[in-house]
Structure formats: C-alpha cells, structure tokens
2 protein chains.
Amino acid sequence: METRELRYFVAVAEEAHVGRAATRLGIAQPPLSRAIAQLERRLGAALFTRTPRGVTLTSAGETLLREARVALAAVEAAERRTRRVAEAAGRAPVVLTAKAGASSELMAKLLDAYAAEPDAVEVDVVLTPPGHQAVMLRDGRADVAILHRPFDDTSGFDVDELLVEEQVLILPAGHPASTRAAMTLAEARSIPDLPLPRWPRLDGSYPEGPGPELRDLTQVLQLVRLGRAAIVLPETAQANLRDGLAVVPLSDAPRVTTVIAWPPHSTSPGVAGLVRTAGRL
Amino acid sequence: METRELRYFVAVAEEAHVGRAATRLGIAQPPLSRAIAQLERRLGAALFTRTPRGVTLTSAGETLLREARVALAAVEAAERRTRRVAEAAGRAPVVLTAKAGASSELMAKLLDAYAAEPDAVEVDVVLTPPGHQAVMLRDGRADVAILHRPFDDTSGFDVDELLVEEQVLILPAGHPASTRAAMTLAEARSIPDLPLPRWPRLDGSYPEGPGPELRDLTQVLQLVRLGRAAIVLPETAQANLRDGLAVVPLSDAPRVTTVIAWPPHSTSPGVAGLVRTAGRL
DNA sequence: CTGCGCTCATACCGCTGCGGTATCGGACCC
DNA sequence: GGGTCCGATACCGCAGCGGTATGAGCGCAG
C-alpha cells in the first residue's frame, strides 16, 4: 500500500462522498473512484458500501481508517524529523508543546531547571489549543509534550508522570452552592443557573448544548465572576484565580495527571535532558 | 513520501550498498540510485555519504531509518489488520503471541479464565522465538502479546503488568557455587567452567563469545545438568525444573516484568476481553 | 410511471514517471 | 596504467495515474 492510496482512502472516508473527497484532494472524481476500487481489490475487502447519497464505511473500512491515520502520521513524522535533523545539524532546538494557559507554573519550573543544566539545548515552546499536543507529537511537529490524562490520548508515547491532582469546581463567590464542602460532578452539571462551558473539539467545532463556548480561560473566569457560568478545573489552577470566585472540591471527578510525553525511539539528547530534569521536579 | 521510497531507502541503508539493495528489491541499480537522489532532493537533506565501497548513513539518514521502520510497520499493520477484519467478519479470532516455552503457567491460567467468559472469542496462540512478539504486534500479525520487560521494547503499546519477578541462576546440582546464598550477575558470568548461553538476536544470528548457542531451553537445561553451562532465568521458571539442578538467587539482576501488551486504538472486543481477564489474575 | 437529479462506475486518452539497458566517472589496487 | 568495483547519468519503453465524457443505479417529484 502506498501512502497516496491511504491519503485518498482517508479523504473519502472522512467526506463519506467520493466527489467531495476528490475536490478536497484536488483531483477529478473518476481517478479517485478507481483508486479506491483498486485498493479494495488488492486488500480483497470491501471498504465502503455505496449508497445513492454517498458512501459509508464497512467494518473493514473503519479498521483501515483508524490504522491509516496512525500510519500516515508516522510517515509525516519521519519526513518532518528528518528535515529537522538535516536543517539544524547538531544542536537542533527541542520543540516542547503544551496547552496554552495551563501548567504555567510547572512549565516555568521545568524550563528554568533545564536551562540550568550544563548540556542544555535551546527549547522552543509551542502553545497550542487543548488537545492538539498529542497530534503535534505524533506527526513530528514537536519532540516533547506536556499532556493531561485522561483528556489527552497518551497511547503510543513514552511518558513520565509529573503531577496528579483533583479537580475542583469554580463558581461565583457568594453563590448558594459555594458554601458546600464538596460536590459530585452530576450535581455540578445540574446547578440550574450556572452552565458549564463547552470545550472545542479537535477540529475547532463545539458540541451541542447549553453553556458558553470556551475560547479563552480568562474570559470564562470573567463569566463565572459575573454569575453566568461555572467551570471545572484542576486544583492547581486555583493559584491563578483572582477575587470574586469560590472553589468547591469535587468528590467524584477523575483525577488529572500531568505527564511529560515523548515519542518512543527518540534519540535527541535535548529530549532526554528535558525528561530527566522533569523527573527530578 | 511514498512507502515505496521508504522501502527503497531502508533497503539501501541496511545493505549500505546500492547495488546489493537493488538486487534485494528485485530492481536494477540505476532506478534505485535515482529514487534515493530524488528522495534526498525532496527532503532537502543528504541521507548517505557516498564512499568508494558503498554508502554510509548521515545523521539525517539515521533519523529517517529509525522513523521509516516505524512508519512502514504501521502501514503494514494497517493492511494486515484490515485484511483480518474483512476475512473473518464479526467474530474473528484474536491472535495472541508469546515467547515459546515461557510463562506457560500464566498463559494457561489466562486462556482458561478467558475461555470461561461469556463473550469469549477464539484465541489463536502463536509461539515465536524470543524477541519477535513485539515485532508481530507492531506489524499487525498479532493482536495481543505477552512481553517481558526489560527484554522486549514495549514502547508504543498499551500494557498491563501481570507479574514482577526476580531472576535466579540455574546451575548443575553439586557445583561448588550452588551452595551460595546469593550471587551477583558479574560473579555468575565469571564462573570459570560454566559459560552462560548466548541468546539469538532478532535476525537469528548470535553474538560472539563463549557459551553454547541457545535454541531450545530444555536442551540448555540438559547442558546445565551435565555441568557444561549455567543459565539465568526468572524465578517462576523453577517450577518446570527437574532434578540435577541447583538454584542461586541473583542479588543485582534486573527484575523481569511480564506484561500483556496491545496496540493502542485497538477496538477488538476479543483484545479487550483478554486484557480485562488478565488484569483479574 | 416517467423524467430528473445525484452519485459512483466505466471507457478511453495523454503524459508523467518508473524501471530497464548501456555507459560514464571516480576511487582503489595491484 | 589497466583492471575492478562503486554509484551516477543518459536514454528509452511502457505501466499507471489523472483527465474528460458518458453510463448506470437509485430516489424522488409530479
């Protein structure tokens, strides 16, 4: 199987429509139909069922979609990492990716501690929207990432745990619920006048439902202060809170684990150094 | 980058010789030279330095070799898993791979317990030479593997620990060293008349050195009984020992962790069931 | 039930680019 | 300096990719 075939397949699977997929790929529809048919013949498996409104995946197709995404990310990663090694022969900067606006204290400690090491190399910090760090790591745009389980999918990476913490509910100061000693997630979700914000998905769209769309944490905290929303955050986020907010522990929210993650087989001395430093924090 | 290019590159890198690589690939030398040159042009990086006796990898080339192997394994896995899902639509057997002749007790318990589950599917057990299980899992020939850290590279897989154990030295009964309460690895290696056997590498070749080549555990144990060798094994292997052998604990040998490993993103209900069962053992 | 619209499949064509053979250029060795 | 062993280059034929035109199957409106 060639990566071209996999790219074509993924496009068709995602669009559920050969014509649209062809447009997206910048080719005509017939060659794409033919390429898919050829792929199916070679695999000896139907990947799509043709319907009058487009195509839908078979179970074999679903398997291939999952696997193809991993494989394509691996090929992309190979290309990008090779380019990076070639460009900055020797002391290439390490690219560290983290969620914008989170773990700032931990990150600062890590970067300071690492910079003090004798053999430290330059660290490029790339802050991305939530959820994108694992993707960056998978396709070679980043060398190390700070991830948060269980939100990020760390499968396929080597990880070191840095911090385990509980989550708390942040509400407007003076709200009736703010005096409670603890709460469950279900209770937090059902406070009538305080909806929880919705987080964007990987593609930037938002799930349906009530609650404001979360774009910027400080903006949402402003909404909380105004008595228009509540939000669930890891407990260390309290450190950055200003007045007008109350904190209630959640008894049944999943614990958040902050980890440092890197691709297996990494040989970069910078990655090794960062991970070593992180382990000592 | 197309997988064809990656396959060509890997062949040349492994042979360190364009002509031989071409033969191995079943094509002529000039197209291969051209393909490599084109790959280098597209990456904007020299991958090989040409010498009068062949070619050697640059640092960019070494990076690409490592990454390309991962990427190619992922592509192969995609193909194989899709084929398998298509062939045995529905209740496909799960392929479990393990080291031949090891963990037999644990495996039996696992398979028995799993077979007793209400929704159990068929399990194909594939016993392979040591070290091959991770490869099988990586390229899609197996769905689950029993691996042994630190010997197997579990990076890139999801794992559950099943058993942690110490290693012991097995020697002929009556040997002077057999009365010792404990020993270090270095001492074990330097017993003058009892060489440790050599384990085969992934490609089937053996490292240089003294000691018999290990092909079959029972054969080596026979050698031990005859006073011609000693061997280091996990302590549970004692259960299968017969007369004529003595056991000495090793104080500094790495602990061996038996794990059950599966590829991330696995959706097979059989894999999930096996892992769940294993976790309850 | 018939015609239209929408979708994917098929037919056919042109050209890119892969792989083939022949040959060159350079390094090393006697 | 000729022989040998490399990889690189030159050139050619053809497989296969992508293009346009058109067919075939299905759902639906009238």
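This talk covers the surface around DNA strand C and then one residue of chain B, Glu117(B).

The model is predicted: local features need pLDDT of at least 70, side-chain atom pairs count only at pLDDT 80 or more, and totals for chains, interfaces and linings use all residues. Residues are numbered from 1 along each chain as its sequence is written, chains are lettered from A and ligands numbered from 1 in written order, and side-chain values use heavy atoms, without hydrogens and water.

I start with the DNA. There are 21 residues around strand C, each with a heavy atom within 4 Å of the strand. Val18(A), Arg50(A), Tyr8(B), Ala28(B) and Arg34(B) come nearest. Of the strand's atoms within 4 Å of the protein, 63% belong to sugar and phosphate.

By type, the residues of this surface are ten nonpolar, seven polar and four charged. Here Ala, Val, Leu, Ile, Met, Phe, Trp, Tyr, Cys and Pro count as nonpolar, Asp, Glu, Lys and Arg as charged, and the others, Gly among them, as polar.

Now the phosphates. A backbone N or O atom lies 2.8 Å from a phosphate oxygen of strand C in Val18(A), and 2.6 Å from one in Ala28(B). For Ser33(A), a polar side-chain atom lies 2.8 Å from a phosphate oxygen of the strand.

Next, Glu117(B). Is Glu117(B) buried or exposed? Glu117(B) is buried, because its relative accessible area is 17%; buried means under 20%, exposed over 50%, partly exposed in between, with a 1.4 Å probe and protein chains only. Leaving out residues up to four places away in sequence, Glu117(B) touches Arg276(B), Thr277(B) and Arg280(B), where contact means heavy atoms within 4.5 Å.

Note on methods
A polar contact is a pair of N or O atoms within 3.5 Å; within protein, one must be able to donate a hydrogen and the other to accept it, and residues adjacent in sequence count only if both atoms are side-chain atoms. Helices (H or I, at least four residues) and strands (E, at least two) are DSSP runs, numbered from the N terminus.
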